[in-house]
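Thank you all for coming; I would like to walk you slowly through a structure that is new to most of us. Please keep the picture in view while I speak.

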Amino acid sequence: MEENQVSQLSLTTAYCRAYHASHDNPKIFNDFLAPFLFTEEEHKLRIQKIMQGIKALQPERASSFPDQETALAWFMQNISAAPITLSRSRYTEDILEQAIKRGVQQYVILGAGMDTFAYRRTDIVNQLQVFEIDHPATQAYKCRRIAALGWETPSNLHFIPVDFTNGDLKSALSACSSYNPKALTFFSWLGVTYYLPQDAVFATLRTIAKIAPHGSSIVFDYFSTDAKKDISVKAQLGQQISIQVGEPLKSFFDPSTLASDMSQLGLLLAEHLSPPEIESRYFQGRADNYHATQNTHLAKVVVE
Ligand SMILES: C[S@@+](CC[C@H](N)C(=O)[O-])C[C@H]1O[C@@H](n2cnc3c(N)ncnc32)[C@H](O)[C@@H]1O
């Protein structure tokens, strides 16, 4: 990402959560605050762009939709990033709830984007110190948006800007007086590994393995190497969009070697969900057309 560039994909994933919260049932993940992150004007503009995109990509299909609502629902369920966005957030907060019961006191949200956890999960947030780490430009944008909304930032939420490609996560966390390096910590890293060079992904994981106490965990999602061979419309479109907005896909990992890759970093691969496993956990029995995203995996690793 460019130095002063706000992550457009963080707004896209927030829009997916906002759409799901206000249109779909049952909810895979209910981010009921996400719709507030967009002004009415921004909502209209996004819908306009999606409609233009459908017309440009699939003109025949576009003309077959009876109305805009149907077209939008088709796009969200079949083309957008909604399925992986919703399932990874749900997975993360499910695991976080269990982790709190096991004594986790800190939650570090890496590449937080427009994550609303600290404002939304009033049932558990008081049990944690929460640290949102993000690229400086995206974080500054989010803070401005929250100020404009008049949301009160809880005193246990701390915003820390870091660029994973050239910043120092360890120093940034250590400089925050509320961060306790001895406390059991839960990290999430959602929708970020895709856009970083592989060495930056491994370097960040290695840093966490060194600074967080034994038993701390990290949840992240990633694209498998098979995604590079995916020639489906959805995959091609995803690649085109990420290039257009200046956040091209950079890293893919081999699921069959993930456990040994993690082990070399000092991390134990404790849970690893493939698309069929994500499908059966979060998408089964739905009457709509949301399904787990091809070639996208979820991993939970634990500091050894
Ligand atoms: C697709 S968004 C995902 C946001 C959020 N985690 C979610 O699931 O909606 C990618 C996030 O990674 C962050 N990011 C990308 N490159 C980064 C970098 N080099 N350093 C820090 N953050 C980065 C962006 O600012 C953005 O918030």
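**A loop residue to start from**

Let me begin with Asp 288, which is partly exposed, because 13 other C-beta atoms lie within 10 Å, and I should say at once that this is a predicted model. Asp 288 sits in the loop between α12, residues 275–282, and β7. If we set aside residues up to four places away in sequence, Asp 288 touches Asp 24 and Gln 77. Ala 235, by contrast, is 53 residues from Asp 288 in sequence and 21 Å from Asp 288 in space, taken from C-alpha to C-alpha.

The loop between α12 and β7 also holds Asn 295, and here the surroundings are of another kind, since Asn 295 has 21 C-beta neighbours inside 10 Å and therefore counts as buried. The backbone deserves a look at this point too, for phi of Asn 295 is near 65 degrees, a positive value in a residue other than glycine. As a reminder, most residues other than glycine have a negative phi, and most peptide bonds are trans. On that second point, please turn to Asn 25 and Pro 26, which are joined by a cis peptide bond with omega at about -5 degrees; Pro 26 belongs to the loop between α1 and α2, the latter being residues 40–57.

**The sheet**

From that loop we pass into β7, and so to the sheet as a whole: in what order do its 7 strands stand? Reading across this open sheet, the order is β3-β2-β1-β4-β5-β7-β6, with mixed pairing. The edges are taken by β3, residues 157–161, and β6, residues 267–273, and because each has a single partner strand, one side of each is left without a neighbour in the sheet. On average, and ignoring direction, neighbouring strands are turned by 20 degrees against each other.

β7 covers residues 296–303 and pairs with β5, residues 217–223, in the antiparallel sense over 7 bridges. Along this pairing you can find Tyr 222 opposite His 297 in β7, and also Phe 220 opposite Ala 299 in β7. On the other pairing to follow, β6 and β7 run antiparallel and are joined by 6 bridges, and there Glu 271 stands opposite Lys 300 of β7. As for how covered β7 is, 7 of its 8 residues are buried.

**Helices, and the ligand**

Helix α11, residues 258–265, lies across β6 and β7 and runs at about 150 degrees to β6.

Now consider the pair formed by α1 and α5, whose axes are 9 Å apart and which pack at an angle of about 80 degrees; angles from 65 to 115 degrees count as roughly perpendicular, and α1 and α5 are therefore roughly perpendicular to each other. The contact is made by Thr 13, Cys 16, Arg 17, Tyr 19 and His 20 from α1, together with Ala 82, Thr 85 and Leu 86 from α5. By character, the residues of this contact divide into 4 nonpolar, 3 polar and 1 charged.

Finally, which residues are closest to the ligand? Of the 22 residues that surround the ligand, the closest are Thr 13, Gly 111, Gly 113, Thr 138 and Gly 191. Helix α1, residues 8–23, gives the most to this shell, with 3 residues, and the shell divides into 9 nonpolar, 10 polar and 3 charged residues.

Technical notes. Residues are numbered from 1 along each chain as its sequence is written. This is a predicted model: local features need pLDDT of at least 70, side-chain atom pairs count only at pLDDT 80 or more; totals for chains, interfaces and linings use all residues. Two strands pair if DSSP finds at least two bridges between them. Helices (H or I, at least four residues) and strands (E, at least two) are DSSP runs, numbered from the N terminus. Axes are lines fitted to C-alpha atoms, for helices over the stretch in contact, and angles run from 0 to 180 degrees between N-to-C directions. Two residues are in contact if their C-beta atoms, placed from the backbone, lie within 7 Å. A residue is near a molecule or strand if its C-beta atom, placed from the backbone, lies within 6 Å of it. Ala, Val, Leu, Ile, Met, Phe, Trp, Tyr, Cys and Pro count as nonpolar, Asp, Glu, Lys and Arg as charged, and the others, Gly among them, as polar. Angles under 35 degrees count as roughly parallel, over 145 as roughly antiparallel, 65 to 115 as roughly perpendicular and the rest as oblique. A residue is buried if 20 or more other C-beta atoms lie within 10 Å of its own, exposed if 12 or fewer, and partly exposed in between; C-beta atoms are placed from the backbone.
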